[in-house]
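Here's a quick briefing to read alongside the coordinates. Take a look at the chain first, then work through the notes.

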Amino acid sequence: MNKPLAIVAVGGNALIVNEEKNSIPDQYQAVEQSAQHIVDMIEGGWNIVLTHGNGPQVGFILRRSELAASEVASVPLDYAVGDTQGAIGYMFQKALHNQLALRDIKKPVVTIVTQTLVSASDPAFNTPNKPVGAFLDYATAQQRQQTLGWTIAEDSGRGWRRTVASPTPLEIIEIATIQNLLTQGCIVIACGGGGIPVIRDAQRQLHGIEAVIDKDLASALLAEQLAADLLLIPTGVDQVAINFGTPEQRWLSELSLEQADLLIAQGQFGSGSMQPKVEAIAQFIRQSHQNGKTASGLITRPESIKAALSHQTGTWITR
Ligand SMILES: NC(=O)OP(=O)(O)O
């Protein structure tokens with residue numbers, strides 16, 4: 001029997017343990033931790049495609065580019081997304097390779113530079129709302145807004161960040177290659193940072209466009225197109241909660257699509273944190289159902305993945 005396929009979507013913020021420990025070696029340590037849990041899944045019989053975010057990292061590249069502007073040409077945002085695919089892909093590729101070697105599992109790991117089609121007329125280009133880079137105090141963010149033309153927004157009560165446009169992912173250009181690599185038994189790292197945003201002209205030519213795609217939405221599209229069984233989104237908590245942070249807080253082990261819709265409508269999940277994860281999983285499950293496939297989603301902490309897969313923790317979302 002074929003092994004089940006899971007898309008595991010690791011957030012860019014998950015690699016930044018705290019704002020003071022955000023160096024490349026610090027991020028690599030976090031990747032090494034995640035790699036252990038992913039290889040546990042492989043030992044448990046799963047095929048894996050790993051996707052990852054890049055919100056902090058792509059913002060760091062833009063900032064380096066600004067700081068060096070008098071010496072070297074600046075980096076357009078689509079190229080900065082490509083840079084993060086290479087750097088974070090390298091981290092996961094190396095960490096997974098090493099973890100597999102420790103357990104004597106022979107499985108190739110490969111990172112695919114992935115382009116994701118978006119629409120040039122997506123209204124998201126008029127309202128940049130995807131936070132990137134570091135969390136700043138308001139005075140610093142406002143000063144950069146005035147001097148560098150940044151758009152800024154408060155993010156999840158943690159501070160102010162630069163924002164960029166985040167159009168809806170429509171098509172994964174390298175989908176056939178990703179599928180082929182999976183069929184050959186590879187662990188594939190794809191759609192990094194949601195994929196490099198590209199538009200297609202009337203002559204079918206691709207052109208990069210400056211934006212950062214939401215990695216959960218891109219992962220949902222990828223999961224649907226690969227007919228995956230599971231979209232797993234590791235995050236900072238073991239389970240999704242309602243009434244989060246109040247005396248009425250309640251952790252959820254299971255969530256139907258109808259319950260998810262209702263709780264989203266009630267504004268139960270943070271709009272910049274848990275809500276996009278639940279929405280992405282719901283979209284994947286619905287689309288899979290339309291394609292005749294039964295699929296599910298799981299949200300949990302990376303270190304709880306093994307327990308969550310045997311339903312001891314985590315929040316399972318099913319139709
Ligand atoms: N591209 C993206 O969604 O990145 P984060 O998950 O790091 O915000």
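The notes below go from the whole chain down to a handful of residues. Keep in mind that this is a predicted model. The protein chain has 319 residues, and its radius of gyration of 19 Å agrees with the value near 20 Å that a compact globule of that length would have. As for secondary structure, you'll be dealing with 9 helices and 17 strands.

**Overall shape and surface**

- If you're setting up a box, the C-alpha trace spans about 60 × 50 × 45 Å along its principal axes.
- Buried residues account for 51% of the 319 in the chain.
- The chain exposes about 14,900 Å², and 50% of that comes from carbon and sulfur atoms.
- Of the contacts between residues at least 6 apart in sequence, 74% link residues at least 24 apart.
- On the charge side, there are 23 positive and 30 negative charges, and the mean positions of the two sets sit 4 Å apart.

**The annotated domain**

- An unreviewed UniProt entry places the feature "domain: Aspartate/glutamate/uridylate kinase" at residues 6-288.
- Over that stretch, residues 6-288, the chain is 40% helix and 21% strand.
- The C-alpha atoms at the two ends of residues 6-288 are 13 Å apart.

**Two buried residues**

- Gln 27 belongs to helix 1, which covers residues 24-43.
- With a relative accessible area of 2%, Gln 27 falls under the 20% cut-off, so it counts as buried.
- Leaving out residues up to four places away in sequence, Gln 27 touches Leu 15, Ile 16, Asn 22, Gln 57, Phe 60 and Met 91.
- Asn 47 is part of strand 2, residues 47-52.
- Is Asn 47 buried or exposed? It's buried, because its relative accessible area is 19% and the cut-off is under 20%.
- Beyond its neighbours within four places in sequence, Asn 47 is in contact with Lys 3, Pro 4, Leu 5, Ala 6, Lys 107 and Leu 182.
- Asn 47 and Val 212 are 165 residues apart along the chain, and their C-alpha atoms are separated by 27 Å.

**The loop between strands 13 and 14**

- Asn 243 sits in the loop between strand 13 (240-242) and strand 14 (250-252), and Glu 248 lies in the loop between strand 13 and strand 14 too.
- Asn 243 has a phi near 55 degrees, a positive value in a residue other than glycine.
- At 28% relative accessibility, Asn 243 counts as partly exposed.
- Glu 248 has a relative accessible area of 52%, which means it passes the over 50% cut-off and is exposed.
- Not counting residues up to four places away in sequence, Glu 248 touches Ile 242 and Asn 243.
- What separates the C-alpha atoms of Glu 248 and Gly 208? They're 40 residues apart along the chain, with 46 Å between those two atoms.

**The loop after helix 9**

- His 311 is found in the loop between helix 9 (305-309) and strand 17 (315-318).
- Its backbone has a positive phi, near 60 degrees, in a residue other than glycine.
- His 311 counts as exposed, at 53% relative accessibility.

Note on methods. Residues numbered from 1 in each chain as written. Predicted model: local features only at pLDDT ≥ 70, side-chain atom pairs only at ≥ 80, totals over all residues. Heavy atoms only, no water. Helix = DSSP H or I, 4+ residues; strand = E, 2+ residues; numbered from the N terminus. Rg over C-alpha atoms; globule rule 2.2 N^0.38 Å. Buried < 20%, exposed > 50% of the residue type's maximum accessible area, 1.4 Å probe, protein only. Contact = heavy atoms within 4.5 Å. Areas by Shrake-Rupley, 256 points an atom, 1.4 Å probe, with all protein chains shown as cover. Lys, Arg positive; Asp, Glu negative; His and termini not counted. Charge placed at Lys NZ, Arg CZ, Asp CG, Glu CD. UniProt positions renumbered as here; feature names shortened; annotations may be inferred.
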